[in-house]
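Work through the exercises below with the sequence and the coordinates open beside you. Each task is followed by a solution that proceeds step by step.

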Amino acid sequence: MRRALITGITGQDGSYLAELLLAKGYEVHGLVRRSSTAAMPRIDHIKEALHLHHGDLADGNGLARLVREIVPTEVYNLGAQSHVHVSFAQPAYTADVTGAGVVRLLEAIRDTQDATGLQIRFYQASSSEMFGKVVETPQRETTPFHPRSPYGCAKVYAHWQTVNYRESYGLHASCGILFNHESPRRGEEFVTRKIARAVASIAAGKATHVRLGNLDAKRDWGWAPDYVRAMWLMLQEAEPWDYVVATGETHTVQEFAEVAFAHVGLDWQRHVIVDKALMRPAEVDLLLGDPTKAANWLDWRPGVGFRELVARMVEAEIEVMAHA
């Protein structure tokens, strides 16, 4: 039986990846921070099928013990302080967990491999935020990084450490440079979920407005379950490598709001307030990924388009509100 360890298993991507791996017959282990909510709503429906362990990417000794105990065949590092806006308020914490935490995990994997002689395949969740102030469009695997947030900087560090461990120690370590990917399981602090929730609430007469930041920011938005499938595909390859995972389309925050409000027959302009307090100190204006390599090497393509993605998120919030 293949055995996987997922850090960040209680998050959006971790929950979808756990479902995918269970369906493929894996024994699935997950790292859960003690400060995480006890309910763990994203994985409650599969919790009995999982092996959950308390731990933290800030604890190198704990990670080493856990990897030695499990000896996983695959490790997916999805754990991070992953909110860009929050990273400006907590830069040191973001650097420690999102950046240095990856080195601690890589060291744990390397030590276990040396002790057991067994290969452990590693996936690092890199991010389109690493491109930041982009020097070319679309962004591909060879595009230079210019991060514009503490989160982006931490992800660049983690990315290059993963590459370094692959080249220095021969680890089967791959980085997925994932562009924005959304779902009803997205955290409420992220703009797509915030818009979807606001639309449902306004449509139900429970609210009148939603406050947003930069409406002109452009993002390449995809469907999260499509993206976790790409993660798994990377670790099935004979050779490790890095891949951009994206749709190849870009849309503004304003477009997301327009489509979301139109889905329930409302005019977004009547309900959106631009709040300068929600603007980032340094903005990433345009992200557009080139998924050609993933398509050619992994035979991966996105299955859900932009408008369907927005509609699914709005409908999920309407459903939740109806049963509230």
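The exercises that follow concern a predicted model, and they move from the whole chain to single residues.

**Exercise 1. The chain as a whole**

Task: Determine how many helices and strands the chain has, and decide whether the chain is as compact as a globular protein of that length.

Solution: Begin with the secondary structure, which comprises 10 helices and 13 strands. The radius of gyration is 19 Å, close to the 20 Å that the globule rule gives for 324 residues, so the chain is as compact as a globular protein of that length. Along the principal axes, the C-alpha atoms fill a box of roughly 60 × 45 × 40 Å. Turning to the interior, buried residues account for 53% of the 324 residues. Finally, among contacts between residues at least 6 apart in sequence, 78% join residues at least 24 apart.

**Exercise 2. Surface and charge**

Task: Find what share of the exposed area carbon and sulfur atoms supply, and how far apart the centres of the positive and negative side chains lie.

Solution: The chain exposes about 14000 Å², and carbon and sulfur atoms supply 50% of that area. For the charges, there are 34 positive and 39 negative side chains, and the centres of these two sets lie 3 Å apart.

**Exercise 3. Helix α1 and its cover**

Task: Compare the reach of helix α1 with the expected value, and identify what covers its buried residues.

Solution: Helix α1 spans residues 12-23, and its 12 residues reach 17 Å from the first C-alpha to the last, close to the expected 16 Å. Its buried residues include Tyr16, Leu17, Ala18 and Leu21. The cover over the buried residues of α1 includes the strands β1, β2, β4, β6 and β7, together with helix α7. After α1 comes glycine 25, whose phi is positive, near 90°.

**Exercise 4. Three residues, three environments**

Task: Classify histidine 54, glutamate 255 and arginine 219 as buried, partly exposed or exposed, and list contacts beyond four places in sequence for each of them.

Solution: Histidine 54, in strand β3, has a relative accessibility of 52% and therefore counts as exposed, the cut-off being over 50%. Its contacts are Leu31, Val32, Arg33 and Arg34, and its C-alpha atom is separated from that of arginine 34 by 6.0 Å. Glutamate 255, in helix α8, counts as partly exposed at 30%. This glutamate 255 is in contact with Thr250 and Phe306, while its C-alpha atom lies 8.3 Å from that of leucine 215, a residue 40 places away along the chain. Arginine 219, in strand β9, is buried, with a relative accessible area of 5%. The contacts of arginine 219 include Glu129, Glu249, Glu283 and Asp285, and also Arg280.

**Exercise 5. Backbone exceptions**

Task: Locate the cis peptide bond between threonine 137 and proline 138, and state where valine 71 and aspartate 299 lie.

Solution: Most residues other than glycine have a negative phi, and most peptide bonds are trans. The bond from threonine 137 to proline 138 is cis, with omega near 0°, and proline 138 sits in the loop between β5 and α5. Valine 71 has a positive phi near 50°, and this residue is in the loop between α2 and β4, where it counts as buried at 17% relative accessibility. Aspartate 299 likewise has a positive phi, near 55°, and is found in the loop between α9 and α10, but at 57% relative accessibility aspartate 299 counts as exposed.

Methods:
Residues are numbered from 1 along each chain as its sequence is written. This is a predicted model: local features need pLDDT of at least 70, side-chain atom pairs count only at pLDDT 80 or more; totals for chains, interfaces and linings use all residues. Side-chain values use heavy atoms; hydrogens and water are left out. Helices (H or I, at least four residues) and strands (E, at least two) are DSSP runs, numbered from the N terminus. The radius of gyration is taken over C-alpha atoms; the globule rule is 2.2 Å times the number of residues to the power 0.38. Buried means under 20% relative accessible area, exposed over 50%, partly exposed in between (1.4 Å probe, protein chains only). Contact means heavy atoms within 4.5 Å. Accessible areas come from the Shrake-Rupley method with a 1.4 Å probe; for residues, only the protein chains shown count as cover. Lys and Arg count as positive and Asp and Glu as negative; His and the chain ends are not counted. The place of a charge is taken as NZ of Lys, CZ of Arg, CG of Asp or CD of Glu. The expected span of a helix is 1.5 Å times one less than its number of residues.
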